[in-house]
Amino acid sequence: LVENGRVLHSPEDFDCGELEQALEKCRVWKLREMKLPHAIDCSYNLSSLLYQDYCSLKNSPKISESTLQLAYATSVIRSVNGLADQLQQNRALAAPVSYLCQQLGLPGWIVDLRHESAHNELPSLPSLRLAAHTLLLFFHERYWMVIQGHREERHEHATLLIKDYITAAVREHRNNLLTVVTITEQQKREENQAEESDTPEKQTFEDEDISWMEENFYAALHRPAKKNAKKK
């Protein structure tokens with residue numbers, strides 16, 4: 001009922017199997033935790049009571065009207081008192097329950113119904129059923145929808161982080177590939193340059209060597225002839 005982010009307007013609208021699974025999950029939560037949040041605990045109690053009431057109308061054995069009245073009245077009292085207590089804890093002075101529930105946006109007739117259930121005769125069963133359903137809608141809007149909104153925001157944030165991580169990882173991988181290719185090409189160019197430079201350097205050295213030998217050879221030939229001419 002609350003797990004799927006919706007509250008159904010009539011028992012005929014929901015799948016009993018899905019609701020039983022949701023109630024079973026809440027029972028597991030109650031076993032694991034010493035004290036559940038007030039909204040979860042009341043949502044579970046109200047949903048379970050509405051479901052039992054529906055099953056009693058469709059199947060046997062039937063639950064007596066007085067038993068249902070007492071169960072609904074107890075759930076309404078606990079739901080309203082729990083909401084008021086949460087606001088009362090933050091106040092230095094005590095405030096009326098009706099005032100505190102008004103601050104929360106809870107309908108005033110439910111507060112009056114809670115007062116009748118606690119101090120006077122139990123209200124009629126249709127009124128208590130309507131109060132239980134209205135409280136369930138209240139918890140749905142003020143708690144479960146807020147939780148769902150936070151969950152969607154976290155999901156979107158996580159999705160963006162994953163996309164950014166993948167983009168950065170792909171970019172880094174491409175840069176690494178480009179670096180490897182660049183280094184490989186540079187190494188090849190250096191090897192090619194080294195191979196090409198070997199032959200010209202040898203040729204240049206040989207040309208310089210030959211030119212040096214020619215200059216010194218001619219110098220050696222002409223120098224003695226000049227000395228002999230001076231002696232004569």
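Q: What is the mean pLDDT of the protein?
A: The structure is a predicted model, in which local features need pLDDT of at least 70 and side-chain atom pairs count only at pLDDT 80 or more, while totals for chains, interfaces and linings use all residues. Residues are numbered from 1 along each chain as its sequence is written, and side-chain values use heavy atoms, with hydrogens and water left out. pLDDT is the predictor's confidence in each residue, from 0 to 100. In this protein 75% of the residues reach 70 or more, and the mean pLDDT is 76.

Q: Which element has the highest mean pLDDT, and which the lowest?
A: Helices (H or I, at least four residues) and strands (E, at least two) are DSSP runs, numbered from the N terminus. The protein has six helices and zero strands. Among its elements, the highest mean pLDDT (90) belongs to helix 5 and the lowest (73) to helix 6.

Q: Over which residues does pLDDT stay under 50, and over which is it below 50 with zero contacts beyond near neighbours in sequence?
A: Contact means heavy atoms within 4.5 Å. Where pLDDT is low, the predicted coordinates should not be read in detail. One stretch under 50, with zero contacts beyond four places in sequence in the model, is residues 201–205. Another stretch below 50, which has zero contacts in the model beyond near neighbours in sequence, is residues 226–232.

Q: How are helix 3 and helix 4 oriented to each other?
A: Axes are lines fitted to C-alpha atoms, for helices over the stretch in contact, and angles run from 0 to 180 degrees between N-to-C directions. Helix 3 (residues 65–88) and helix 4 (residues 97–104) pack with axes 9 Å apart, at an angle of about 85 degrees. Angles under 35 degrees count as roughly parallel, over 145 as roughly antiparallel, 65 to 115 as roughly perpendicular and the rest as oblique. The two helices, helix 3 and helix 4, are therefore roughly perpendicular.

Q: How many residues of the contact of helix 3 with helix 4 are nonpolar, polar and charged?
A: Val-80, Leu-83, Ala-84, Leu-87 and Gln-88 of helix 3 meet Val-97, Leu-100, Cys-101, Gln-103 and Leu-104 of helix 4. Ala, Val, Leu, Ile, Met, Phe, Trp, Tyr, Cys and Pro count as nonpolar, Asp, Glu, Lys and Arg as charged, and the others, Gly among them, as polar. The contact of helix 3 with helix 4 divides into eight nonpolar, two polar and no charged.

Q: Which helix supplies the largest share of the largest nonpolar core?
A: A nonpolar core is a set of buried Ala, Val, Leu, Ile, Met, Phe, Trp, Tyr and Cys residues joined through side-chain atoms within 4.5 Å. Of the 27 residues in the largest one, Tyr-72, Val-80, Leu-106, Leu-135 and Phe-139 touch the most other members. Helix 2, helix 3, helix 4, helix 5 (108–119) and helix 6 (125–231) each supply at least two residues of this core. The largest share, eight residues, comes from helix 6.

Q: Is Asp-41 buried or exposed?
A: Buried means under 20% relative accessible area, exposed over 50%, and partly exposed in between (1.4 Å probe, protein chains only). Asp-41 lies in helix 2 (residues 38–58) and touches Lys-30, Leu-36 and Arg-78, not counting residues up to four places away in sequence. With a relative accessible area of 14%, Asp-41 is buried.

Q: What separates the C-alpha atoms of Tyr-143 and His-38?
A: Tyr-143 lies in helix 6 and is partly exposed, with a relative accessible area of 23%. Not counting residues up to four places away in sequence, Tyr-143 touches Pro-37, Ala-39, Ile-40 and Phe-138. Tyr-143 and His-38 are 105 residues apart along the chain, and their C-alpha atoms are separated by 10.0 Å.
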